[in-house]
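Reader: I would like a close look at a single part of this model, with its surroundings described carefully and the rest of the chain brought in where that helps. Please take one residue as the starting point and work outwards from there.

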Amino acid sequence: MNKKDLRIIFMGTPEFAVGTLHALVEGGYNVVAVVTQPDKPVGRHQDTLQPSEVKKYALSHGLPVLQPEKMKDPAFVEQLRDYHADLQVVVAFRMLPEVVWAMPRFGTFNVHAALLPQYRGAAPINWAVINGETETGVTTFFLDHDIDTGRIILQKHFPIPDEADVEYVYDGLMHLGAEIAVETIDLILEGDGQVESIDQETFAIDTKTTVLHPAPKIFKETCEINWQQTAKQIYDFIRGLSPYPGAWTTLQMPDGKQTVLKIFKTAKTSLSTQLETGRLKEENKRLYVAVQGQLLELVEIQLTGKKRMLARDFLNGFRGIEEAKVV
């Protein structure tokens, strides 16, 4: 069988998934249909429907699009079955029921943005950066009954520079994910549907993985900065949420009023201080916050109702900064 005969159904929703779908389309693979989330209501009155990035790409390339509300909907399952897919490729999509993932004769594989079994969950890229990892990667694995636990097919590694934020890692893994998806499909083609894979428990033993880090979904409350952590932990936390959804804290003004302050970029320093944790300091047009006896520089911030700005520009219009603090 060649790639033009292999019938593929692609499943995904965000921009991250578009990278892989694009690679399949441009590579001449036979994508017979695309499954994505229903259009999302947006706008002040929720009266405008916004299609997913995957849907927009699929329609621009003349691909059929399916948008089930429920993956177990009998009508959807029957519609899916009518495509007679040999293989399903999933990137950044929802959990699939067995009736769906077990349908193709060659199975369903997922492209996950982490080195499984590490960082199982909805936000692997964010948590890898938040935890200060120096390396992450992508994994392809066959879907089974539990989330992100199936047999590993391939992995590719990706270094995380110390100054990198989530956007940098996201872009890198999007391209790497496309590469590994194509390589996985080619392996499946070479083996006429048979490909070597390894269960994650065995893989963890072989790689001496003793501690597993989860990657749960991130909510607004997840993004609040804990100033009782070390400067390094706070530095990693902020870049692990930048530029989206953004780490935030409460800024207490000199008059006692409080407002939300988002912080998108900081810089580590070797400066020590006697100031209490959370107290702000201005020096040479630079803005610092005291964290456990150290100064952490705030570089890019955003006040509620204002645009994202450099901290030095913020200082130009702020008086009494050293009487303010973050709490």
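Author: Asp 236 has a relative accessible area of 3%, which is under the 20% cut-off, and therefore counts as buried in this predicted model. Asp 236 has its place in helix 8, and, once its neighbours within four places in sequence are left aside, Asp 236 is in contact with Val 129, Ile 130 and Gly 132.

Arg 239 is likewise found in helix 8, and with a relative accessibility of 6% Arg 239 also counts as buried. When residues up to four places away in sequence are not counted, Arg 239 touches Val 129 and Gly 132, together with a run of residues that includes Ile 160, Pro 161, Asp 162, Glu 163, Ala 164, Asp 165 and Val 166. Val 129 and Gly 132 are thus named among the contacts of Asp 236 and among those of Arg 239. As for a position further along the chain, Gln 302 is 63 residues from Arg 239 in sequence, and the two are 15 Å apart in space when taken from C-alpha to C-alpha.

Arg 239 also leads to a pocket, since it belongs to the lining of the second largest pocket, where Glu 163, Asp 165, Tyr 235, Ile 238, Ser 242, Phe 264, Lys 265, Thr 266, Ala 267, Lys 268 and Arg 308 are found as well. The volume of this second largest pocket is about 170 Å³. Two elements give two or more residues to its lining, namely helix 8 (231-239) and strand 11 (258-267), and strand 11 gives the most, with four residues. By class, the lining of the second largest pocket divides into six charged, four nonpolar and two polar residues. Glu 163 and Asp 165 are both part of this lining, and both are also touched by Arg 239.

Two other lining residues of the second largest pocket, Phe 264 and Arg 308, form an arrangement of charge and ring, in which Arg 308 lies over the face of Phe 264 at 4.3 Å from the ring centre. A further arrangement of this kind involves Lys 220, whose charged end sits over the ring of Trp 248, 5.9 Å from its centre.

Rings also meet rings, and a search of the whole structure finds three aromatic pairs. In one of them, the centres of the rings of Phe 158 and Tyr 168 are 6.0 Å apart and their planes stand at 45 degrees, so the pair is tilted. This pair links distant parts of the chain, with Phe 158 in strand 9 (residues 152-159) and Tyr 168 in helix 6 (residues 166-190), 10 residues apart. Phe 158 is buried, at a relative accessible area of 14%, whereas Tyr 168 is partly exposed, at 43%. In another pair, the rings of Phe 314 and Phe 318 have centres 5.0 Å apart and planes at 40 degrees, so this pair is tilted too. Phe 314 counts as buried at 7% relative accessibility, and Phe 318 is buried with a relative accessible area of 11%.

Helix 6, which holds Tyr 168, contributes to the largest pocket, and with four residues it supplies the largest share of that lining. The largest pocket has a volume of about 1800 Å³, and of the 49 residues that line it, Pro 14, Ala 92, Phe 93, Ala 122 and Ala 123 are the closest to its centre. Besides helix 6, the elements that give two or more residues to this lining are helix 1 (15-26), helix 2 (53-60), strand 7 (108-112) and helix 5 (124-130). The lining of the largest pocket has 27 nonpolar, 13 charged and nine polar residues.

Helix 1, one of those elements, contains Gly 19, which is buried with a relative accessible area of 19%. Leaving aside its neighbours within four places in sequence, Gly 19 is in contact with Met 174 and Ala 178. Gly 278, by contrast, is 259 residues from Gly 19 in sequence and 41 Å from it in space, C-alpha to C-alpha.

As a wider setting for these parts, the protein chain has nine helices and 16 strands, and its C-alpha atoms fill a box of roughly 70 × 50 × 30 Å along the principal axes. Of its 327 residues, 47% count as buried.

Note on methods. Residues numbered from 1 in each chain as written. Predicted model: local features only at pLDDT ≥ 70, side-chain atom pairs only at ≥ 80, totals over all residues. Heavy atoms only, no water. Phe/Tyr/Trp six-rings, centres within 6.5 Å; stacked < 30°, edge-to-face > 60°. Buried < 20%, exposed > 50% of the residue type's maximum accessible area, 1.4 Å probe, protein only. Lys NZ or Arg CZ within 6 Å of the ring centre and 35° of its normal. 1 Å grid on protein atoms, 1.4 Å probe; cavity = no way out; pocket = protein on both sides within 12 Å on 5 of 7 lines; lining within 4 Å. Points joined across faces, edges and corners; volume = space filled by probe spheres on them. Nonpolar A, V, L, I, M, F, W, Y, C, P; charged D, E, K, R; others polar. Contact = heavy atoms within 4.5 Å.
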